[in-house]
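Please open the model in a viewer and follow the selections below in order.

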Amino acid sequence: MTTAWRTVVLPAVVFVVAVLVAAVVIALSGSPPLPALAAWWEGAVSAPGALPESLLNTTPLLFTGLAVAIGLLAGQFNIGVEGQLLVGALASAWVGFAVSGLPAPVHVVLALLAGALTGAIWGWVPGILKAWRGAHEVITTIMMNYIAIYLTQYLVTRVWKDPNSMSPQTPEALPSAWLPTLVEGTRLSVGLLIALATALILWYLLKRTVWGYELRAVGANPEAARAAGIQVSRVIWTSMAISGAIGGLAGAVEVLGVHHRYYDQFSPGYGFDGIAVALLGNNHPLGAVLAAFVFGAMKNGAVYMQSVTVPAVPREITTVVQAVIIFFLAAMRFRQRGG
Amino acid sequence: MSNDTPVVVHMENICKRFGAVQANNHITVSVRQGTIHAIVGENGAGKTTLMNILYGVFPPDSGAVYLYAQPVRFRSPAEALQAGVGMVSQHYALIPRLSVLENLMLSGEGASFSRLPRSQVRVRAQELAEVIGLQADWYAPAGSLSVSQQQKVEILKLLLRDARVLVFDEPTAVLPPADAEAFFALLHRFAEEGRTVLLVTHKLQEVLEHADEVTVLRAGEVVATLPVREKPAAPPQVDARTLARLIVGEEGVLPEEEMLQGKRLSDQPRLRVEGLTVPPVRSRAGLKGVSLQVYPGEVFGIAGVDGSGQAELIDALMGLVPPTQGHIWLDGEDVTHAPPAVRLRKGVRYIAEDRHLRGAILEWSVAENAALGLQREDRFGSRFSLSFARMKEFAQRIIHRFAVRAPAADAPFSALSGGNQQKVVVGRALMETPALLIAGQPTRGLDAASTRAVHHAIRDACGQGACALVVSFDLDELLTLCDRVGVLFDGRLVDVVAGERKRREEIGALMVGAVKGGRA
Amino acid sequence: MGEVFDIELFRSALRLATPLALAAMGGILSERSGVVNIGLEGQMLMGAFVGWAAAVALGNGWLGVLCGMLAGALLGFLHALLTQRFRANHVVSGMAVNLLAAGLTVFLLRRFFAMPPGASGVPEWSLQWLQPIPLLGGLLSRQSPFVVLMLVLPFVLHGLLYHTMWGLRVRAAGESARKSRLAGIDVAAIRYRCVMWSGALAALAGTYLSLSQLNVFTEGMSAGKGFIALAAVIFGRWTPLGATAAALGFGFLDALQQRLQGETLFGVRVPSEVLLSLPYLLTIIALAGLVGRSIPPEDLGKQEEGE
């Protein structure tokens, strides 16, 4: 099976099957499936304003998908992207409102870096625990998620709360820290470009650097990697740190590009969606781009579908589609990876 | 032991094939009641396969097994135990975290929600334990027991089910000499009780001292079945050399090729090993104070039955396992605890015994595999600009030089046949003259022509200044390729043979402990 | 200080610990047999939803509980099928279970229950005869049967795991599938059963959420309790009694946090978030082996290729 097959064709087939399953579920729930699917498509791409909104959804999903993918390529299962996203978002929001007197480009970059760095730390901790103590990263990253949730909740409701508002949110970031809009009249910011750039950079790093080569070797066969002189421990915690950094960046971009502040529970679970994105994209950076768009568009379309179908098809059907996709992929592909 | 003694176990025309290997080829063995019957042979002779068939681990492809003249077909070891056949295999089957008592109760047939028959089993086990000389805490985790104790627990498992046929596969591999003595005393006692014992071993001394009959297997076939003694405690009727010769085969003419000999290019050894000790693990003997030197231009072979310490030697030389004692010097520099990367930088190249586990990444392309271990060198580009094209080119050169049959240099590694995969792994190590080549089973899975090519390549490399340490189970390979051959037995380097002494018979005898080596 | 540590706090702790402990029992069963079950959260959620929906439809809380458990077992079967028959990665399959439950429950809720009605719940037991017993009486005299079950089940499970042949076989299957098969144990059958029971128990925990106090299902009701249950399993070293003790500890922290709401404890202002994060922090510490090693069954999560 060539890479192209595994990254594009197979996922496409699985996706179609999953949508069919969703159609069946929709039908069973009493709504006519074909009009629902049509509305779904319309809301995703063809209706006016649909595409930019789909792309808006794509941005965080691409980041989180890349984060999970880079971990998986190194053989690490980073379920903690959600937590890394949260701390990264809050850190960037803080730089956004607390640091003043900086010109726009510098301020934005600094805020983004703060987000990435915080996320990196959040990923590094489980990574080093795995490398040094063999602590299973699946559990530690899940735990770190909840610690992140509570930490950010505490900070945003007590310490950094916007004094002018009743809601648990930070003060708005200074305009110098806002990410510029990409398409006039929409909420789509250059964050999308940053995400795409990240994908391309990762692609290059993985394919054309020694670092990427060694990372992939560890993920594919740690024993062979060791015999080839690769420092497996180092690869483990660096890949987790980078994975965390990208997750943090996901949060930072959402804050600086869309909401311009951090508010409690702003993430509808982007971090977990990232898992589906990475799997559907075969852990390939470019595959993640496609998969992120597919999921982003699907989510967007489902909102529209819910509003126009009678009886209304709840938009949570997309989550069901995601689950079915993962089930199929897990059955077909994910062998020989220690759980 | 007379011919009237009934035959308890009769295995008739047993055949078993694993992929391309015919592990058992029409093997017929008969074992009489109350005897200790030894099964001997080299690696890959088929001994363990045969016993696994008897014990129900897997069925034979063809042939039949008779127990007390009744045909039997065990579908699992549990069924075999039911019928009174028990085996203590080389890789112990005790579950380390469960207690000794729990391990004993495990193969019982109790109904699901019945209470664990703890006191019952413990009482009975205690009785039997006294008989076999086992003292253990029944509630301790099985993994905390010493190796000898674990073995006794395994025996206990069989006695609890009143096994009348007891099979032991390499039982003394990790036992200290005193315990080994006690073990054989136990075997004789079983025989006296009328139980039947099958003993799979590569240690000829044991056979000569304790067995009643011996069956020699070679390359999956029965070469001979001989009585060892008329009565228990009588002196043996065969001698070690005869048996060793049967095991490794006649001296004979080596296939059409001349011995590849080289000469030392320097008086200073490139590789010096002193007192290397690696602790034993599970069923492996470990290394016990091994010392050797390898000089530039020479090929040094390591012979020995599997489990004699070869894996530990290779691991220690590569830097994958830290020795507890001893030193390794490479060109005068102490690399005993240096990581693999350092050794690779100094020109050490590795052909892994198990290419799937250690030597290659199956999901990758041939080209990317060709670069494995060499990825930090300049030839593939800089740190930040690794060139896939150059990897392909390198792979192409390997393919060309070693006549690898591959669809393309960027084809998936898994698309190549096993033999061709091996050629890539070998080629990768030899494309440039290494300082030291460590090769484990370098021609495994290769046909005659490819084997020759690899041997020539190793020789050429050594002619240009390299030196090689070749570990192999193939005596022909060692004889034709190597200048000197060291023999590992039970974790020790018992002798190093060269020149006149470098003969099949001699090495074979050392491998099985038939003769004591000069160094032992 | 005395105002905080009264009997009501401990009663509350018991209630909050109940879903954690019940789900943790499920987690132990599955993991002891060698199958990682991250899907406890999803199974709990599905149990909460199906249990409530069935109670509404059938008019009986106990029937609802039964239906909820069946739904959990079904999700468990799915997980077992994927991991045993298709040799899928245990974690991926578990995450898919969670996703499926999350999506399906909200989908069905919105589709069929525009205004979610209250269901006939499972009433508390008065257990008046316990009243006179000091301490125990105050804690248990008016509690849901689930709470009582939570306290009893670990002992039952402990007995099953450590004192029956079945339990021995389950533990052997989790330590080494290969050696267990050699001993004639049907590892696959054991794993299927254990994982299905695991799902059923997690779902049972879920029905407690939706049928015991509020008698209604709300989106995302399980709120991460399935993961805390997993933490309790690890912290309790994969033993029923240990996990229940851990769950009780976590429940206590939750109760304390709710009571304090930022008030001072021993003169220190302890933010509730600190108490809420403690279970997770402690689990990381346990996993890192900083306070003794918490070691899982040997064969846990292994995906074998063929026999």
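How many bridges join β6(B) to strand β7 of chain B, and do the two run parallel or antiparallel? Select residues 165–169 of chain B for β7, together with β6(B): the two strands run parallel and are joined by 4 bridges. Note that the model is a predicted one. Within this pair, display B:Val88, which stands opposite B:Phe168 in β7(B).

Next, extend the selection to the whole sheet. It is open, comprises 6 strands with mixed pairing, and follows the order β6-β7-β8-β3-β9-β10 in chain B. Colour residues 85–88 (β6) and 221–227 (β10) of chain B to mark the edges; each of these strands has a single partner, so one of its sides is left without a neighbour in the sheet. From one strand to the next, the twist averages 15°.

Then add residues 240–248 of chain B, which form helix α8. This helix packs on the sheet, where it touches β3 (36–40), β9 (213–218) and β10 of chain B. The direction of α8 makes about 30° with that of β9(B).

Finally, turn to chains A and C. Here, 41 residues of chain C are in contact with 36 residues of chain A. On the chain C side, select α4 (90–112), α10 (225–235) and α12 (272–287), the elements that give two or more residues to the side touching chain A. The largest share of that side comes from α4(C), with 15 residues. Colouring by class shows 25 nonpolar, 10 polar and 6 charged residues on the side of chain C that touches chain A.

Technical notes. Residues numbered from 1 in each chain as written. Chains lettered and ligands numbered in written order. Predicted model: local features only at pLDDT ≥ 70, side-chain atom pairs only at ≥ 80, totals over all residues. Contact = placed C-beta atoms within 7 Å. Nonpolar A, V, L, I, M, F, W, Y, C, P; charged D, E, K, R; others polar. Pairing = 2+ DSSP bridges. Axes fitted to C-alpha atoms, helices over the stretch in contact; angles between N-to-C directions.
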